[in-house]
Amino acid sequence: MVEDLLTVTHLKKYYPITGGVLGKVVGQVKAVDDVSFSVKKGETLGLVGESGCGKSTTGRSILRLIEPTEGQVLFEGKDVTKLSKEEMRLMRRDMQIIFQDPFASLNPRHTVRKILEEPLLVHGIGDKKEREKRVDELLEVVGLSSYHASRFPHQFSGGQRQRIGIARALTLNPKLIICDEPVSALDVSVQSQILNLLQDLQRDFGLTYVFIAHDLSVVRHISDRVGVMYLGRIVEMASKDALYEKPLHPYTQALLSAAPNPDPDAKRDRIILQGDLPSPANPPSGCTFRTRCPLVKDICMSARPEFKDAGNGHFVACHLYNE
Amino acid sequence: MAQTVTQTNNVPVKPTQETASSPWRDAWKTLRRNKMALVGFAIILFFILVAVLAPWIAPYAYDEGSLTDRNLAPSAEHWFGTDYNGRDVFSRIVYGAQISLWVGFFSVVGSIIAGTFLGLIAGYYGRWTDTLISRVFDIMLAFPSILLAIAIVAILGPSLQNALMAIAIINIPTYGRLVRAKVLSLKEEEFIMAARAIGMKDSRILLHHILPNSLAPIIVTGTLGIASAIIEAAALGFLGLGAQPPEPEWGKMLADSRQYIQKAPWTVIFPGLSIMLTVLGFNLVGDGLRDALDPRMKN
């Protein structure tokens, strides 16, 4: 039995909406609304969902780059949300993040050497020589060369920059890396290179990933388990085979049916969802998906479905499976 | 910057195309191609030289004249003529360059230091610090700046030092707001979040990531600010609140000579021309810098 590296329980992030002259709080945007999951050591957990469903907010709340409103984030048994600023700062050695936009996530005025050296400098690791050696080593690890170190970010292509972003996340030898849509901004051909790199690194360094993306095939390729998010909640979570072969939640079924199929002759049964994504400031009562669900029942309006095991570790939050 | 340079030298650099093009170096290249900016540089350099070499250039002392030689027209002996006290206008203008550049430079440096510090704090920490600092800025900007300067000098007492201080104080909100706005936008950049993600302290984020990235607009505004500070100093001098006689401040010279404008126009023209030229020089360089440092102007 592999132990859990990360356990998230009842994580919530609400943004207040202020209005009026006095700036009173008139409502809340529930970006992340009661999300719970756990990630085992060495595993990759995929998180998929539409834009605005709270995937990135979840990822950033785990690292406290955004302060969560409520909930627990246990990392190696320690509640990260309770740490002081300084304790959190030291904790960051073990938990890192790779950002979506490789153009925005590197300081344009720093050379690659400075960007990669900085984490070591900040945590007081090694002397000047050792740090330099580490930077050269990291560049080799992510498929660049040590002579790239003296260049500036704007002299690289998108894929190369994402490699630099990955190298920076690796600098401190973390245990957990949150990959926040690391390939969404890249060309398809470059995407596969980066995905393979991430998989190689996971094997070589025993990394654990939380992989956030909106591309279903990318998530299927890299994940061991996949969670599907809708309007700030996880609606279904299962091993990737179970989820892709036999999706239970009506939203997952619709989402998977919308994924493009490379075979042009294949018959496709698309489930077309009606209506628009409701506003997270004013989500529907009960099950948030009920307004668009083709299989809606009376109970969906009144009660929020529990997130329960429907057998074999296949979790789903839907009244259809709540007999 | 110095550190970056040494590091670049340590790395075995491929001679072909591997010269690192830092954003600052790129800006310098762009600036060198800008003819008007070079003209501005030349003008500023000229006045700096004049100021530094004043004791050797000036043929006469700035505070000595003979009353028999009052309001003499320009001649070989007195290139710019003499004023109503019989003092050599050329010598006074040469020494005046020291005062104007000194006031312009140090008042701007003062406001930049204070304004940047306050702007960084207001922008980065937000909440009540931001509210407090921003409201103070708003109040200061609600007054016409020269009026505020007059009030400050009135409190401190008229002298060149106090005029410099007043000019520095009234310009703090300009830089403070500029930096605050820049920090607010930079704070949302992913590379700042990345800096927090690797466990960087606030002070390091501010000094190593946010400050260097907000420097460009500060430099541009500062250069243009020297020009307006020189004018403000001249205005205070003109009102008798800045330099005190016999200090050869250009604005003061204008003020004192204006009743002789018909009889001895050179006593007004040359100080006026000097102010205009210096201000023009700083404005040209400022415009050039703005183009060079603006990423949208890159081709």
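Q: What is a polar contact, and which backbone oxygen does the side chain of R89(A) reach?
A: A polar contact is a pair of N or O atoms within 3.5 Å; within protein, one must be able to donate a hydrogen and the other to accept it, and residues adjacent in sequence count only if both atoms are side-chain atoms. This is a predicted model, where local features need pLDDT of at least 70, side-chain atom pairs count only at pLDDT 80 or more, and totals for chains, interfaces and linings use all residues. Residues are numbered from 1 along each chain as its sequence is written, chains are lettered from A and ligands numbered from 1 in the order in which they are written, and side-chain values use heavy atoms, leaving out hydrogens and water. At 2.8 Å, the side chain of R89(A) reaches the backbone oxygen of G199(B).

Q: Is R89(A) buried or exposed?
A: Buried means under 20% relative accessible area, exposed over 50%, and partly exposed in between (1.4 Å probe, protein chains only). With a relative accessible area of 11%, R89(A) is buried.

Q: How do the planes of W79(B) and F90(B) meet: stacked, edge-to-face or tilted?
A: Rings of Phe, Tyr and Trp (its six-membered ring) pair if their centres lie within 6.5 Å; planes under 30 degrees apart count as stacked, over 60 as edge-to-face and the rest as tilted. Here the centres are 4.9 Å apart and the planes at 50 degrees, so the pair of W79(B) and F90(B) is tilted.

Q: Which of the two is W79(B), buried or exposed?
A: Its partner F90(B) counts as buried, at 12% relative accessibility. W79(B) has a relative accessible area of 54%, so W79(B) is exposed.
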